[in-house]
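Trainee: Please walk me through this model one piece at a time. I would like to start from a single residue and work outwards.

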Amino acid sequence: MKIIAFVGMPAAGKSVASDVVKEENIDVVNMGDVIRDEVKARGLDPTDANTGGVANDLRDKEGMDAVAKRCVPKIEALGKDLVVVDGVRGIAEVTFFKEHFGDDFTLVFIDAPLETRFERVTNRGRSDDMTDIEALKIRDERELGWGLAEAIKVADITVDNTDTIDAFRNTINEILENT
């Protein structure tokens, strides 16, 4: 089983990359869904504050690789040759996946500047999105506190997501074909 995982700052393009993957009939396990499911299970509203709080709580109680640990059974249950993981947020998760999947794990860093990411946030309309650029900066800092910068540094492939959507989609398809 090969695993391709996407890592990047909020709104860099990980979800769009996952949409491209799904169009190729490849299964995607979304790490954020693990958090959103836990928020719902706790009876909380799916706001950025609640989502971030639950993410911090899971990591505090179960370790910095808590979300990755919860994803592996979902990945293995699919029983596919290739699965994509959307939303790696820290080096502990990368380490856990690498220990579990070995050389069959490939980490792809999707990069985009802050201003571009904020523009995307204002257009996508998710319940946990930020309403101003300062809130996005706060979210960036929270995720960097989980070891995101370290995870980004060990990525096997870097994708600059500042070109057109079609160019980005083509790049993701090339990665799928070559991995």
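Trainee: Leaving aside neighbours within four places in sequence, which residues is L82 in contact with?
Mentor: Contact here means heavy atoms within 4.5 Å. With the neighbours within four places in sequence set aside, the residues that L82 is in contact with are K2, I4, I26 and L176.

Trainee: Before we go further, what is left out of the side-chain values?
Mentor: Keep in mind that this is a predicted model, where local features need pLDDT of at least 70, side-chain atom pairs count only at pLDDT 80 or more, and totals for chains, interfaces and linings use all residues. Residues are numbered from 1 along each chain as its sequence is written, and side-chain values use heavy atoms, leaving out hydrogens and water.

Trainee: Is L82 buried or exposed?
Mentor: Relative accessible area decides it: under 20% is buried, over 50% exposed and anything in between partly exposed, with a 1.4 Å probe and protein chains only. L82 is found in strand β3, where seven of the seven residues are buried. At 18% relative accessibility, L82 itself counts as buried.

Trainee: Which residue is the bridge partner of K2 in β3?
Mentor: Strands are DSSP runs of E with at least two residues, helices are runs of H or I with at least four, and both are numbered from the N terminus. Two strands pair if DSSP finds at least two bridges between them, and β1 and β3 pair in the parallel sense over six. Within that pairing F6 is matched with D86, while the partner of K2 is L82.

Trainee: Which residue in β3 does N30 stand opposite?
Mentor: β2 and β3 also run parallel, joined by four bridges. The C-alpha atoms of L82 and V28 are separated by 9.3 Å, though they are 54 residues apart along the chain. As for N30, the residue opposite is D86.

Trainee: On the β4 side of β1, which residue does I4 stand opposite?
Mentor: β1 is mostly covered, with five of its six residues buried. It pairs with β4 in the parallel sense over five bridges. There I4 stands opposite T106.

Trainee: Which strands stand at the edges of the sheet?
Mentor: Five strands with parallel pairing make an open sheet in the order β2-β3-β1-β4-β5. Two of them have a single partner strand each, so one side of each is left without a neighbour in the sheet: β2 (27–30) and β5 (157–160).

Trainee: By how many degrees are neighbouring strands of this sheet turned against each other on average?
Mentor: Axes are lines fitted to C-alpha atoms, for helices over the stretch in contact, and angles between N-to-C directions run from 0 to 180 degrees. With direction ignored, the average for this sheet is 25 degrees.

Trainee: Which residue in β5 does D111 stand opposite?
Mentor: β4, residues 105–111, pairs with β5 in the parallel sense over four bridges. The residue opposite D111 is D160.

Trainee: Which residues of α4 are buried?
Mentor: Helix α4, residues 66–78, lies across β1, β2 and β3, at about 170 degrees to β2. What covers its buried residues includes those three strands as well as α2, α3 and α5. The buried residues are A66, V67, A68, C71, V72 and I75.

Trainee: What phi does G79 take just after α4?
Mentor: G79 follows straight after the helix. Its phi is positive, at about 60 degrees.

Trainee: How are α6 and α7 oriented to each other?
Mentor: Their axes are 10 Å apart and the helices pack at an angle of about 110 degrees. Angles under 35 degrees count as roughly parallel, over 145 as roughly antiparallel, 65 to 115 as roughly perpendicular and the rest as oblique. The two helices are therefore roughly perpendicular.

Trainee: Which residues of α7 are met by L114, R117, F118 and R124 in α6?
Mentor: Those four residues of α6 meet I133, L136, K137, R139 and D140.
Here is the make-up by class: four nonpolar, no polar and five charged residues, where Ala, Val, Leu, Ile, Met, Phe, Trp, Tyr, Cys and Pro count as nonpolar, Asp, Glu, Lys and Arg as charged, and the others, Gly among them, as polar. To name the α7 side again, it is I133, L136, K137, R139 and D140.

Trainee: Which side chain does a polar contact of 3.0 Å join to that of R142?
Mentor: A polar contact is a pair of N or O atoms within 3.5 Å; within protein, one must be able to donate a hydrogen and the other to accept it, and residues adjacent in sequence count only if both atoms are side-chain atoms. R142 is found in helix α7 and, not counting residues up to four places away in sequence, touches D48, G52 and N56. The side chain joined to it at 3.0 Å is that of D48.
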